Amino acid sequence: MEFLRSVVPFQPTPVISTETVTLRSPSMGDYQPWSELRGASRGFLTPWEPVWPVDDLTRPAFRRRLRRYQREIQEATGYPFLVFRTADMALVGGLTLSHVVRGVTQSCSLGYWMGERFAGRGFMTAAVRAVIPFVFDTLRLHRLEAACLPHNAASIRLLEKAGFTREGYARRYLNIDGRWQDHLLFAIVSDDPRP
Ligand SMILES: CC(C)(COP(=O)(O)OP(=O)(O)OC[C@H]1O[C@@H](n2cnc3c(N)ncnc32)[C@H](O)[C@@H]1OP(=O)(O)O)[C@@H](O)C(=O)NCCC(=O)NCCS
């Protein structure tokens, strides 16, 4: 069991690039396209996300967000990525690995969002597939978890295509759109087949 105790050194968030998508950690230079895309997608995203703070799309709030991300990276508890279309490096969405737990658990949680105008084109499936080797081979975690609302057909389909298995149902699991809502629980473990 010695391996469970191994200390994982600071791991900078890498740039992960495939033919379709490129993932990298956000920086202040991303504020303009990020706030534009999130703002234009507000009605598309808010039914599936925690309530946005009133100032969420402002520059100071983005700066605070980056500071929180930086802390998580330093503490090795989270790895935030923005997702770009490799062809022209247009920002298309975001993907976050959070709640990294070591010890006997060795797991983390996956979250994601896609700009409305880029949805349904396979970008997030490509992004999730691309981040899986980072989770299992670089971070050497054992389990990657994701939760989604039972009526989120796009998210369920995406997780299934990326090799996740539905494992459970958690009552009033997350506070989404201002309400504690039931969620489906999905996971992929390190020795699962990767599509
Ligand atoms: C969920 C989300 C990230 C998916 O990103 P995406 O880039 O659109 O996903 P992809 O195009 O890679 O794959 C989506 C799959 O769902 C399918 N899909 C989309 N809408 C669907 C619907 N209403 N019913 C059934 N399937 C649907 C697509 O057809 C595709 O499957 P296919 O390749 O077999 O055709 C994006 O739709 C989104 O941001 N939604 C709003 C916010 C959200 O749900 N966040 C996640 C919370 S868990």
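In which loop is Met89 found? Look along the chain in the predicted model and you will meet Met89 in the loop between β3 and β4. Met89 is not a glycine, yet its phi is positive, about 55°. With 11 C-beta neighbours inside 10 Å, Met89 counts as exposed, because a residue is called exposed when 12 or fewer such atoms surround it.

Now follow the two strands on either side of that loop. Strand β3 covers residues 79-85 and strand β4 covers residues 90-101, and the two pair in the antiparallel sense over seven bridges. If you would like one pair to find on screen, try Val83, whose bridge partner in β4 is Gly93.

These strands belong to a wider arrangement. Eight strands form an open sheet with mixed pairing, and their order is β1-β2-β3-β4-β5-β6-β8-β7. At the edges are β1 (16-17) and β7, each of which pairs on one side only. Notice that β8 comes before β7 in this order. On one side, β8 (residues 179-189) runs antiparallel to β6 (residues 143-148), and six bridges join them. On the other, β7 (residues 165-176) and β8 pair over eight bridges, again in the antiparallel sense. Phe186 is a handy place to see both pairings: Ala146 stands opposite Phe186 in β8, and Phe186 is also the bridge partner of Arg166. Between β7 and β8 there are two residues, making a hairpin, and Asp177 in the turn has a positive phi of about 55°.

Let us turn to the helices, starting with α4, residues 59-75. How far apart are the end C-alpha atoms of this helix? At 1.5 Å a residue, its 17 residues should span 24 Å, and the end C-alpha atoms are indeed 24 Å apart, so expectation and model agree. Straight after α4 comes Ala76, which sits in the loop leading from α4 to β3. Like Met89, Ala76 is a residue other than glycine with a positive phi, in this case near 60°. Ala76 has 15 other C-beta atoms within 10 Å, so it is partly exposed.

Another alanine, Ala130, lies in helix α5. Is Ala130 buried or exposed? It is buried, because 20 other C-beta atoms lie within 10 Å, and 20 is enough to count as buried. Leaving aside residues up to four places away in sequence, Ala130 touches Ile16, Thr18, Val21 and Leu23. The C-alpha atoms of Ala130 and Pro14 are separated by 12 Å, although these residues are 116 places apart along the chain.

Helix α5 also helps to surround the ligand. In total, 20 residues surround the ligand, and the closest are Met124, Thr125, Ala153, Ala154 and Arg157. The elements that give two or more residues to this shell are α3 (42-45), β5 (107-114), α5 (123-138) and α6 (153-161). The largest share, five residues, comes from α6. What kinds of residue make up the shell? They divide into 13 nonpolar, five polar and two charged.

Finally, step back to view a longer stretch of chain. An unreviewed UniProt entry annotates residues 21-195 as "domain: N-acetyltransferase". In the model, that span is 32% helix and 34% strand, and its end C-alpha atoms lie 17 Å apart.

Note on methods
Residues numbered from 1 in each chain as written. Predicted model: local features only at pLDDT ≥ 70, side-chain atom pairs only at ≥ 80, totals over all residues. UniProt positions renumbered as here; feature names shortened; annotations may be inferred. Helix = DSSP H or I, 4+ residues; strand = E, 2+ residues; numbered from the N terminus. Pairing = 2+ DSSP bridges. Expected span 1.5 Å × (residues − 1). Near = placed C-beta within 6 Å. Nonpolar A, V, L, I, M, F, W, Y, C, P; charged D, E, K, R; others polar. Contact = placed C-beta atoms within 7 Å.
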